[in-house]
Amino acid sequence: MFWSDLAGVAMMKTAFLYDDIFLEHETGEGHPERAERLRTMLRRLESGGYLERLVRVPVRAAEDRHLELIHNRDYIERVRRGVESGDEYFDSVDNTVCARTYHVARSAVGGCLNMCDEVMSGRATNGFCAVRPPGHHAENRKAGGFCFFNNVAIAARYVQSEYGIARVAIVDWDVHHGNGTQDAFQDDDSVYYISLHQYPYYPGTGAETDIGFGQGIGYTLNIPVKAGSGNSHYLQAFNERIIPELERFRPQVVLVSAGFDAHRDDPLSSINLTGDMYYRFTKMLKEVARRHSNDRLVAFLEGGYNVEICAEGAEQVIRALLEE
């Protein structure tokens, strides 16, 4: 290996977004999407020696113009008013709110955009966003599934508008279909949304026949799997469908909705993945990013409700991202 090659390898860095502000979205005792998910994750990453190897990314509150890349202006204001009203829920009983929820959700989006800046500028090669609340169920005008603002969808539009990126791939391996993300891009051929999810299951969307419409036909790929599916089913889907489609699309940025609720020990699903699968999925997508995206890959935390398994999943993803 030449010195120039060694220098290039030395510059590869993985960024990590986390802030204690994400703990301030209080969902109440017994709620699956709770702050302990992140506390347990941080402890595991620290004990494994990962945190000292990661480039830390600060948070910021997203501006209205960023939220409006995906969400209707009236909806954004409705979220604010709903939280400030003191109501316990917003749009559904799944979406518990507290006095800090609106600010925390805006900060999650803003932090994710800071992560995009780190990766797009080359200050980091790839990154993991350990944020809550999650985002992939949030639609243009509606919250759902613990989600208020769609972090990954806003990030996709942000890299397009701020950096002139023509082709963005979003791979969603959360056990639940990302109805909000699909809704944002189903008529758009510049963002390829791919979802691998338990079906039929919440939120009831994501049939294999949903392939987009208009200019976006063929740029939505849903791979519904039956309850009881496991490692072999997911690996087959990656090898035979997801990776070939990404090779055809040649994304300039790869974004991942990284939920860890398809694990066999998650309380909210009936899929039987083992933890090492998240390492393998990330390595496959990292190879796509190497070939087509100048290594640019960002993962966004979505679901995962066994807190120990969620922490293990994040560790597996970050381990894969850090490897040269």
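Start by selecting T282 in this predicted model and showing whatever surrounds it. Leaving aside residues up to four places away in sequence, T282 touches W173, V317, A320 and L321. Is T282 buried or exposed? Its relative accessible area is 3%, and buried means under 20%, so T282 counts as buried.

Now widen the selection to the helix that holds T282, which is α9. Show residues 276-292 for α9 and residues 307-322 for α10. The two axes come within 8 Å of each other and cross at roughly 35 degrees. If you turn the view to look through the pair, the crossing of α9 and α10 is right-handed. Which residues meet there? On the α9 side, pick D276, Y278, Y279, T282, K283 and K286. On the α10 side, pick G313, Q316, V317, R319, A320, L321 and L322. Colour this contact by class and you get 6 nonpolar, 3 polar and 4 charged residues.

Keep Y278 from α9 on screen, along with W173, the neighbour of T282. Both belong to one aromatic cluster, together with Y234, F238, F260 and F281. Show those six as sticks to see the group.

Next stop: the sheet. Switch to a cartoon view and look for 8 strands in an open sheet with parallel pairing. Walking across, the order is β2-β1-β5-β10-β9-β6-β7-β8. Which strands sit at the edges? They are β2 (55-57) and β8 (220-225), each pairing on one side only. As you step across, the twist averages 15 degrees from one strand to the next.

Zoom in on two neighbours, β5 (residues 126-129) and β10 (residues 297-301). These strands run parallel and are joined by 4 bridges. To find one of the bridges, select N126 and look for its partner in β10, L297. Then add helix α5, residues 101-121, which packs on the sheet. Helix α5 touches β1 (14-17), β2, β5, β9 (253-258) and β10. Compare directions, too: that of α5 makes about 170 degrees with that of β5.

Time to hunt for rings. The model has 17 aromatic pairs. One of them is F16 with F128, a stacked pair at 6.4 Å centre to centre, with 10 degrees between the planes. This pair links distant parts of the chain, since F16 is in strand β1 and F128 is in strand β5, 112 residues apart. Both F16 and F128 are buried.

For another arrangement, select Y18 and F22. Here the rings are edge-to-face, 6.4 Å centre to centre, with 70 degrees between the planes. Are these two buried or exposed? Y18 counts as buried because its relative accessibility is 10%, and F22 is buried with a relative accessible area of 0%.

Finish at the β8 edge of the sheet. Select β7, residues 191-198, together with β8. How many bridges pair them? There are 6, in the parallel sense. Y193 is a handy residue to click on, as its bridge partner in β8 is T220. Although β8 is an edge strand, β8 is mostly covered, with 5 of its 6 residues buried.

How values were computed. Residues are numbered from 1 along each chain as its sequence is written. This is a predicted model: local features need pLDDT of at least 70, side-chain atom pairs count only at pLDDT 80 or more; totals for chains, interfaces and linings use all residues. Side-chain values use heavy atoms; hydrogens and water are left out. Axes are lines fitted to C-alpha atoms, for helices over the stretch in contact, and angles run from 0 to 180 degrees between N-to-C directions. A crossing is left-handed if the near helix is turned anticlockwise from the far one by less than a right angle, and right-handed if clockwise. Contact means heavy atoms within 4.5 Å. Ala, Val, Leu, Ile, Met, Phe, Trp, Tyr, Cys and Pro count as nonpolar, Asp, Glu, Lys and Arg as charged, and the others, Gly among them, as polar. Buried means under 20% relative accessible area, exposed over 50%, partly exposed in between (1.4 Å probe, protein chains only). Two strands pair if DSSP finds at least two bridges between them. Rings of Phe, Tyr and Trp (its six-membered ring) pair if their centres lie within 6.5 Å; planes under 30 degrees apart count as stacked, over 60 as edge-to-face and the rest as tilted.
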